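Welcome! Below is a short guided walk through one protein chain, meant for someone meeting it for the first time. Have the sequence and the 3D view ready as you read.

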Amino acid sequence: MTLKVDETEQGDWTVLRIRGELDLVSSPVVRQSVHEAVAEGQHDVVLDLSDVFFCDSSGVGVLIASRRLMKSCGGRLRLILPARGAEDGSHVNKVLGALGVRRLFDVYPDTVSAIDEACEPLTA
């Protein structure tokens, strides 16, 4: 399956919905999408990973690089994992946890929560 990235604007947030496998071949697409959002002046980005069913170290590398980019420009990066994400319900969450980097990200169960300033992220 190929990776697909759909972009929408929701208030001040750019939401990038990612579907498919996040791996060595497809991760540059996500990296480019985040870079394009920043180049267009959008510094609050949500990566919706609900429909990512596989993530390897290249995908994790892109997530970490995206976090670094957003911090360097004074922006924010939030991740959406499936509702059971905090309970190891998704492959991406398991990979992030196994590598010890899950705590680096603000993770939310859905888009509504991710763009709501009053909502707290899920615990790692």
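A residue is called buried when its relative accessible area is under 20%, exposed when that area is over 50%, and partly exposed in between (1.4 Å probe, protein chains only). This is a predicted model, in which local features need pLDDT of at least 70 and side-chain atom pairs count only at pLDDT 80 or more, while totals for chains, interfaces and linings use all residues. Residues are numbered from 1 along each chain as its sequence is written, and side-chain values use heavy atoms, with hydrogens and water left out.

**Buried serines**

Let us begin with Ser33, a residue of helix H1. Helices (H or I, at least four residues) and strands (E, at least two) are DSSP runs, numbered from the N terminus. Is Ser33 buried or exposed? Ser33 counts as buried, because its relative accessibility is 13%. Contact here means heavy atoms within 4.5 Å. Setting aside residues up to four places away in sequence, Ser33 touches Val5 and Leu16.

Another serine, Ser26, sits in the loop between S2 and H1. With a relative accessible area of 9%, Ser26 is buried. Which residues does Ser26 touch, not counting residues up to four places away in sequence? They are Leu3 and Glu21. If you would like a distance to try in the viewer, go from Ser26 to Val101: the two are 75 residues apart in sequence and 21 Å apart in space, C-alpha to C-alpha.

**Along strand S3 and just after it**

Now move to Asp48, which has its place in strand S3. Asp48 counts as buried because its relative accessibility is 10%. Leaving aside neighbours within four places in sequence, Asp48 is in contact with Val15, Leu16, Arg17, Ile18, Ile80 and Thr111. Leu16 may look familiar, as Ser33 touches Leu16 too. The C-alpha atoms of Asp48 and Asp110 are separated by 7.9 Å, with their positions 62 residues apart along the chain.

Follow the chain to Asp56, in the loop between S3 and H2. Apart from neighbours within four places in sequence, Asp56 is in contact with Leu22, Asp23 and Leu24. Between the C-alpha atoms of Asp56 and Ser90, 34 residues apart along the chain, the separation is 13 Å.

**Salt bridges**

A salt bridge is a side-chain nitrogen of Lys or Arg within 4 Å of a carboxyl oxygen of Asp or Glu. How many salt bridges does the structure hold? There are five, and the table gives some of them.

| Pair | Closest N and O atoms |
|---|---|
| Arg17 and Asp51 | 2.6 Å |
| Asp44 and Arg76 | 3.1 Å |
| Glu117 and Arg76 | 2.9 Å |

Take the pair Arg17 and Asp51, which form a salt bridge. Arg17 lies in strand S2 (residues 13–22) and Asp51 in strand S3, so the pair ties together parts that are 34 residues apart in sequence. Arg17 is partly exposed at 35% relative accessibility, and Asp51 is partly exposed at 33%.

Next come Asp44 and Arg76, whose side chains meet in a salt bridge. This pair links distant parts of the chain, with Asp44 in strand S3 and Arg76 in strand S4 (residues 76–80), 32 residues apart. Asp44 counts as buried at 15% relative accessibility, whereas Arg76 is partly exposed at 31%.

Arg76 also forms a salt bridge with Glu117. Glu117 is in the segment after helix H4 (111–115) and Arg76 in strand S4, 41 residues apart, so to speak a link between distant parts of the chain. Glu117 is partly exposed, with a relative accessible area of 47%. Through shared partners, salt bridges join Asp44, Arg76, Arg78 and Glu117 into one network.

**Out on the surface**

Lys71 is found in helix H2 (residues 57–72). With a relative accessible area of 55%, Lys71 is exposed. The C-alpha atoms of Lys71 and His43 are separated by 9.1 Å, and the two are 28 residues apart along the chain.

Glu40 has its place in the loop between helix H1 (27–39) and strand S3 (44–55). Glu40 is exposed, with a relative accessible area of 56%.
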